[in-house]
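Hi,

Here is the structure I said I would pass on. Have a look at it first, and then read my notes below.

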Amino acid sequence: MIPLKAQNTMTINADQPQNKISRHIYGQFSEHLGTGMYGGLWVGEDSDIPNTDGFRDDVVEALKALEIPNLRWPGGCFADEYHWRDGIGPREDRPTRINTHWGMVEEHNEVGTHEFMRLTELLDTEPYISANVGSGTPEEMAHWVEYMTYDGNSTLANLRRENGQEKAWDVKFWGIGNESWGCGGNMEAGYYADLYRRYATFAKDYSGNELYKIASGFSDDNYGWTETVVEQAGWMMDAISLHYYTIPTGNWEQKGPSKDFGEGMYFAGLKQGLAMDEYVSRHSTIMDKYDPEKRISLAVDEWGIWTDPLPDTNPGFLQQQNSVRDALIASTTLDILNKHSDRVRLANIAQTVNVLQAMILTDGNRMLKTPTYHVFDFYRVHHDAMLLPLHLDAANYTYEGEHIPAISATASRDEAGTIHLTVTNLHATDPQEVTVNILGSDADEISESRILSADAVDAVNTFDNPDRVAPQSFEDYTLNDDELTLRLPSKSVIVIGVE
Ligand code: AHR
């Protein structure tokens, strides 16, 4: 048996719930990019791959199990060159455009508003529409809102009916531009703030539908953008976004591989991922200045690891493998977002299928669940649960003189009173013992305990070996009165319920 190298202690105050962890932190993102939508989710009704109304059954079934709260669409950068009228009416009549951001491929608009909304029904999720500000007009956007959400008599509402949708859809999440400082129009913050107010004015609430308007925020550490946009337009928004991608090397030109790497790249990826904490804290502190009551949410609507594309793939398709390292980037990031859930009430990992840090990979008629998929499955216990105060005294994981904490965790209590803990051991080689003191609770039984772990830092699931990184039952714990002792193997994440 490998000796346990370090002692970690955690104290949880089960009787002092903080705020609700919005389930919308667990949102997903499906851009028209590479094989994310076409091939990954959509194969069309005539495909040999079993599908429902064009969406593949295997992928829908797997995603449905994650209880995805919201799905962002159609971009990303694609959103600011997407014109919604291209995607309605008979498919054979829809125009062919060029997807200039992502590989210069033809976009046939097979998936448009009606198809996407059908997907949200199949997944039982809420739509998050990202509207075109960069190359569109306020009129175009206003008409899209009316087309989708007006239940009365108007030419646009009747056009929706002609196209097969009698009832107006419920649409809450409405993004006004995406990365407007970059691919969404290369704007200055003050200019965007004006534009935001203008567009938001014409994004109306129809027929009882209430839009939740999300402004385009910056990425990483551009705090000036957040300050200007919140100061000048905060009163008209429900949320402002933040994008942060984990680049293992920290260099966008050479990001690092998604498979076949050693401990250096493993450590670097985890360390870069943990930077989310600082970005969320500092953007939130700026927002506190203008919104001390925290009415405006910080919507981390793009996050995840971004590596070099897989060899021999179209670099514009952003295809990468997904390893146990990436699963731990997901678990530690979700811990950070949970910790800040008094301000972060919406987030979307990028992206759902075949693109960047995906839940699912497909190859023709085959599909697999990635290690990241399993983390999202574990973390379902935190959806809409109450965040519990957690004091963690963690050992260090040191690699070549650099340190990160060896342990990351979230504790929450659900409606039934069950306390759930998700705990990650980031260490590449050393198991960790964690002593958890649960105060303010008489819970004395373990209700659920699963673990995700792997035999190597770069372990991935492949179509030939789809369950190399897959959940197992977790038994290596003891529970005595209010003290729970967990023994986590290296590079692992667990979910455990106490009731
Ligand atoms: O997720 C891929 C791209 O990353 C998105 O389209 C864009 O918003 C971001 O730069």
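Let me start with Asn354: it has a relative accessibility of 4%, so it counts as buried, the cut-off being under 20%. Its backbone is worth a look too, since phi of Asn354 is near 65°, a positive value in a residue that isn't glycine. You'll find Asn354 in the loop between β13 (344–349) and β14 (360–363). Before you go further, keep in mind that this is a predicted model.

Glu400 also has a positive phi without being a glycine, with a value near 45°. This one sits in the loop between β18 (396–399) and β19 (402–405). Is Glu400 buried or exposed? At a relative accessible area of 70%, Glu400 is exposed, because the cut-off for that is over 50%.

While we're on backbone geometry, go to the loop between β5 (70–73) and β6 (97–99), where you'll find Pro74. The peptide bond leading from Trp73 into Pro74 is cis, with omega near 5°. Gly76 is in the loop between β5 and β6 as well, and a cis peptide bond links Gly75 to Gly76, with omega about 10°.

Gly76 brings us to the ligand, as it is one of the residues around it. The full set is Phe29, Glu31, Gly76, Cys77, Trp102, Asn178, Glu179, Tyr245, Glu302, Trp306, Gln351 and Leu356. Sorted by class, that shell comes to six nonpolar, three polar and three charged residues. Three polar contacts are worth clicking on:

- Glu31: an N or O atom of its side chain is 2.7 Å from an oxygen atom of the ligand.
- Tyr245: here too a side-chain N or O atom is 2.7 Å from a ligand oxygen.
- Cys77: the backbone does the job here, with an N or O atom 2.8 Å from an oxygen atom of the ligand.

How much of the ligand does the protein bury? On its own the ligand exposes 280 Å², and the protein buries 94% of that.

Next, a helix. α5 (residues 189–202) has 14 residues and spans 20 Å from its first C-alpha to its last, close to the 20 Å expected at 1.5 Å a residue. Its buried residues are Ala189, Tyr192, Ala193, Leu195, Tyr196, Tyr199 and Ala200. The spacing in that list makes sense if you recall that an α-helix has 3.6 residues a turn, so residues three or four places apart point the same way. What do the buried residues of α5 pack against? They pack against α3 (138–149), β9 (173–176), β10 (212–215) and α6 (223–233).

Tyr150 is in the loop between α3 and α4 (155–162). With a relative accessible area of 25%, Tyr150 is partly exposed, because that value falls between the 20% and 50% cut-offs. Leaving out residues up to four places away in sequence, Tyr150 touches Val145, Ala157, Arg160, Arg161, Ala168, Tyr206 and Ser207. Its C-alpha is 9.6 Å from that of Arg160, which is ten residues away along the chain.

Finally, three residues that come out at 0%:

Met287 is part of helix α8 (residues 276–290) and counts as buried at 0% relative accessibility. Beyond its neighbours within four places in sequence, Met287 is in contact with Thr226, Val230, Ile240, Pro292, Ile296, Ser297, Leu298 and Arg343. For a sense of scale, the C-alpha atoms of Met287 and Gln432 are 37 Å apart, with their positions 145 residues apart in the chain.

Ala299 is in strand β12 (residues 297–305) and is likewise buried, at 0% relative accessibility. Outside four places in sequence, its contacts are Ile214, Ala239, Ile240, Ser241, Leu242 and Leu346. His243 is 56 residues away from Ala299 in sequence, yet the two C-alpha atoms are 8.5 Å apart.

Arg56 belongs to strand β4 (residues 55–56). Is Arg56 buried or exposed? Arg56 is buried, with a relative accessible area of 0%. Not counting residues up to four places away, Arg56 touches Gly39, Gly40, Leu41, Val43, Ile49, Pro50, Asn51, Thr362, Gly364, Asn365, Arg366 and Met367.

Cheers

Terms used:
Residues numbered from 1 in each chain as written. Predicted model: local features only at pLDDT ≥ 70, side-chain atom pairs only at ≥ 80, totals over all residues. Heavy atoms only, no water. Near = heavy atom within 4 Å. Polar contact = N/O pair within 3.5 Å; in protein donor to acceptor, adjacent residues only side chain to side chain. Areas by Shrake-Rupley, 256 points an atom, 1.4 Å probe, with all protein chains shown as cover. Nonpolar A, V, L, I, M, F, W, Y, C, P; charged D, E, K, R; others polar. Helix = DSSP H or I, 4+ residues; strand = E, 2+ residues; numbered from the N terminus. Expected span 1.5 Å × (residues − 1). Buried < 20%, exposed > 50% of the residue type's maximum accessible area, 1.4 Å probe, protein only. Contact = heavy atoms within 4.5 Å.
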